[in-house]
Amino acid sequence: MAQGEGGWTMPAAAAAGPPEFLPVLDLPEPGRQRRLTVAFRWLILIPHYIVLWVLSIAAFFAVVLGWFAALFTARLPGPVAGYLAGYLGYDTRLIASQTLLVDQYPPFALRLSQPYPVGVEVRPGRLNRAAVFFRLVLMIPAAVINGLLGAGWLVLAFFLWLITLVAGRQPRPVFEATAALARYRMRFIAYSLMLSSAYPKGLFGDQPGSEPPVSATRPLLMSKLGTALLIAYLVLGLAADVSSSAWRDTSTPTDSTTVNTQGR
């Protein structure tokens, strides 16, 4: 098994890994954060957003190439899998910083040369050709959940930022809910990029004793408050989506109104 510098692993010589390995996200325990970096967090991350946008263009073409290759070979080509795994790690480190899960500024690198507190482990292996062919359809349920989580977090983003800024750290329930969001998002992207054959799961954490403790998110143990906040992300995301749809409907003139206006 080859170990990538970015915290991801890929079977040597493209040998198949465990068929249903679920991608892993490692985060440190919530600790003290510098209030200055918290105050300007989203501003100082702007260069990363630009870099990620550029990387995403290359990732799109890599996914298209990988999709055709996987239909015939039932696996991603090694270079494609390597790039997409690096892209996934970059995106996940940026999200962890954006959501105030870690204080350390993320590096501008697909492959990490220095230790960083956010780790992603994926094991690209053999893929089911039918699941590859219908990938876009299969992604829909997970995409809906991922979208609701992100929208719900955005609704509360200012308050979560303010709490962290005042306290100088993330309260444990906030960390749990946000880490669950980040992990599910990472697993969804890994599935979308065909880096994993395992469908995204484990949104509400892991069972106690499911594996030896490695990090704050392996296993991810959710408290009642953390679970409640995670549910709030989903509910608020749904409310935001419904409100946005209703606003678009009311702001769009009906055909009859248009006809009457033109008649005048």
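Student: In this predicted model, what span should the 28 residues of helix H3 have, and how far apart are its end C-alpha atoms?

Tutor: At 1.5 Å a residue, helix H3 (residues 46-73) should span 40 Å, and its end C-alpha atoms are 39 Å apart, which agrees. Just after H3 comes Ala 74, which has a positive phi, near 65°.

Student: Which residues of H3 are buried, and what covers them?

Tutor: The buried residues of H3 are to be read together with the elements that cover them. Among the buried ones are His 48, Leu 52, Leu 55, Ala 59, Ala 62 and Val 63, and, further along H3, Gly 66, Ala 69 and Ala 70. The cover over the buried residues of H3 includes H4 and also helix H5 (129-133).

Student: How does H4 compare with its expected span, and how many of its residues are buried?

Tutor: The reasoning used for H3 can be repeated here. With 21 residues at 1.5 Å each, helix H4 (residues 78-98) should span 30 Å, and the distance of 30 Å between its end C-alpha atoms agrees with this. Of the 21 residues of H4, 19 are buried, so this helix is largely enclosed by the rest of the structure. Leu 100, just after H4, takes a positive phi of about 65°.

Student: How should the packing of H3 and H4 be described?

Tutor: Two packed helices are described by the angle between their axes and by the distance between those axes. Here H3 and H4 pack at an angle of about 145°, their axes being 10 Å apart, and H3 passes H4 in a left-handed crossing. On the H3 side the contact includes His 48, Tyr 49, Val 51, Leu 52 and Leu 55, while on the H4 side it includes Val 80, Tyr 83, Leu 84, Tyr 87 and Tyr 90. The residues of this contact between H3 and H4 divide into 15 nonpolar, four polar and one charged.

Student: Turning to a single residue, is Thr 37 buried or exposed, and what does its side chain contact?

Tutor: Thr 37 lies in helix H1 (residues 35-39), and its relative accessibility is 16%, so, with buried meaning under 20%, Thr 37 counts as buried. A polar contact of 2.7 Å joins its side chain to that of Asp 103, while a polar atom of the Thr 37 side chain also lies 2.8 Å from the backbone oxygen of Arg 34. If neighbours within four places in sequence are left aside, Thr 37 is in contact with Ile 44 and Asp 103.

Conventions:
Residues numbered from 1 in each chain as written. Predicted model: local features only at pLDDT ≥ 70, side-chain atom pairs only at ≥ 80, totals over all residues. Heavy atoms only, no water. Helix = DSSP H or I, 4+ residues; strand = E, 2+ residues; numbered from the N terminus. Expected span 1.5 Å × (residues − 1). Buried < 20%, exposed > 50% of the residue type's maximum accessible area, 1.4 Å probe, protein only. Contact = heavy atoms within 4.5 Å. Polar contact = N/O pair within 3.5 Å; in protein donor to acceptor, adjacent residues only side chain to side chain. Axes fitted to C-alpha atoms, helices over the stretch in contact; angles between N-to-C directions. Left-handed = near helix turned anticlockwise from the far one by under 90°. Nonpolar A, V, L, I, M, F, W, Y, C, P; charged D, E, K, R; others polar.
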